[in-house]
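Welcome! Please take a moment to look at the protein below, and then let us walk through it together, one part at a time.

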Amino acid sequence: FEKSKNRLKKLFNCKLKKVNFPLNYLKKIDKKNKSNKKIIKVSFLGEQRIHKGLKLIKKIIEPFSKNLNVRFTIHNPSNLDEINNLKKFKNTQIINKKFNIYQFVRFLNSHDVIIFPYNPERYKYSYSSTLVDTIILKKPFLVPDNTILSNFVSKINRKNFTFKNWDSKSIILGINKIIKNYAHLKKLMVVESKSFMKLLK
C-alpha cells in the first residue's frame, strides 16, 4: 500500500515491488447470499494475539451469551487456554484447527460477519490479508476506524463497518449495529467488493 511504502523501506532496508494478489482460488468459493438467515454467525478468525484484541474477546461475546440468534466462532490455531475456556458460552464455538490458504478461505466463507477487534495504533499502517478475503467474499465486518483497515471501504460506507474506541463497549455496539442491519449491509458489501476488486487489477 502506498501509505506504508516508505515506512516498510526503512523497516526492512530493501526495495519494494508490487505483485498481483492470487485471486484465482477465490473464484471457486461458493458465495451464496445469506442475508435472510435467522442465525448470524459472527467470527474472530486467525491467530489471536494481544494487539488483535485477545483480552477483549470474552468481554465482547459475554453480553450475547443468551442470544441464540447469534453464534460466535473463535479461531484458535495456537490452542490458547484463555480462548478454549470460552467454550462455556453455549453460543460459542472454538476451532483449533490450522488451515492452509484454500481451507481457510472456505472456512471464512462459512461465516456471516468477521470481527477484527484490532488495536487502532498497531494497525494504523498495517493491513490484514484476512480482511482482503473478507471483502472479496462480500462479508460484513468490523475494524478500527481511522486505520489502513478502515480505508479498505469507501468513505460513504465506512461508518457501518468500524468502531471508534479500542474497548469492548465500542465493539459490542458495532456488532449489534451489523446484526440489526445485516441484510442491508450485506448488499453494501456486494458494491464494496466490486470496487475493491477493481483496485487489485
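## Strands side by side

Let us begin with two neighbouring strands. Strand β1, residues 40-44, pairs with β2 in the parallel sense, and five bridges join the two. You can find one of these links at Ile40, whose bridge partner in β2 is Val70. Please keep in mind that this is a predicted model.

Strand β2 covers residues 70-75, and five of its six residues are buried, so the strand is mostly covered. β2 also pairs with strand β3 (residues 92-95), again in the parallel sense, over four bridges. Two positions help you to trace this pairing: Thr73 stands opposite Gln93 in β3, and His75 stands opposite Ile95 in β3. As you follow a strand with your eye, remember a general rule: in a regular strand the side chains alternate between the two faces of the sheet.

## The whole sheet

In what order do the six strands of the open sheet stand? The order is β3-β2-β1-β4-β5-β6, and the pairing is parallel. Why is one side of β3 and of β6 left without a neighbour in the sheet? β3 and β6 (162-163) stand at the edges and each has a single partner strand, so there is no neighbour in the sheet on one side of each.

## A buried isoleucine

Now turn to Ile61, which lies in helix α2, residues 57-61. Is Ile61 buried or exposed? Its relative accessibility is 0%, and anything under 20% counts as buried, so Ile61 is buried.

Which residues does Ile61 contact, once its neighbours within four places in sequence are left aside? They are Phe44, Phe72, Ile74, Leu86, Phe89 and Thr92. Several of these belong to strands you have already met: β1 runs over residues 40-44, β2 over residues 70-75 and β3 over residues 92-95. Ile61 also shows how folding can bring distant parts of a chain together: Ile61 and Ser168 are 107 residues apart in sequence, but their C-alpha atoms are 9.0 Å apart in space.

## A serine in helix α6

Ser170 sits in helix α6, which spans residues 168-180. The relative accessible area of Ser170 is 14%, so this residue is buried too. Not counting residues up to four places away in sequence, Ser170 touches Phe163, Lys164 and Asn165. Phe163 is part of β6, the edge strand at 162-163. Ser170 and Pro117 are 53 residues apart along the sequence and 9.9 Å apart in space, C-alpha to C-alpha.

## Two asparagines in loops

Two asparagines have backbone angles that are worth a look. Asn79 has a positive phi of about 60° although it is not a glycine. Asn79 is placed in the loop between β2 and α3 (81-84). With a relative accessibility of 43%, Asn79 counts as partly exposed.

Asn146 also has a positive phi, near 55°, and is a residue other than glycine. The loop that holds Asn146 runs between β5 (141-144) and β6. Asn146 is exposed, at a relative accessible area of 55%.

## Empty spaces

How can we find the gaps in a protein? Rolling a probe the size of a water molecule over the atoms shows where empty space is left. A search of the whole structure finds one cavity of 30 Å³ or more, and the largest cavity has a volume of about 30 Å³. Phe44, Leu45, Glu47, Gln48, Lys52, Ile115, Phe116, Pro117 and Tyr118 line this cavity. Six of the lining residues are nonpolar, one is polar and two are charged.

The second largest pocket has a volume of about 350 Å³. Its lining has 21 residues, and the closest to its centre are Gly46, Glu47, Lys52, Ser129 and Thr130. Two elements, α4 (101-109) and α5 (129-136), each give two or more residues to this lining. By class, the lining of the pocket has eight nonpolar, eight polar and five charged residues.

## How sure is the model?

The chain has an average pLDDT of 87, and 82% of the residues score at least 70. Over residues 30-36, pLDDT stays under 50, and for this stretch the model has 17 contacts beyond four places in sequence. Where pLDDT is low, the predicted coordinates should not be read in detail.

Methods: Residues numbered from 1 in each chain as written. Predicted model: local features only at pLDDT ≥ 70, side-chain atom pairs only at ≥ 80, totals over all residues. Heavy atoms only, no water. 1 Å grid on protein atoms, 1.4 Å probe; cavity = no way out; pocket = protein on both sides within 12 Å on 5 of 7 lines; lining within 4 Å. Points joined across faces, edges and corners; volume = space filled by probe spheres on them. Nonpolar A, V, L, I, M, F, W, Y, C, P; charged D, E, K, R; others polar. Buried < 20%, exposed > 50% of the residue type's maximum accessible area, 1.4 Å probe, protein only. Contact = heavy atoms within 4.5 Å. pLDDT = per-residue confidence, 0-100. Pairing = 2+ DSSP bridges.
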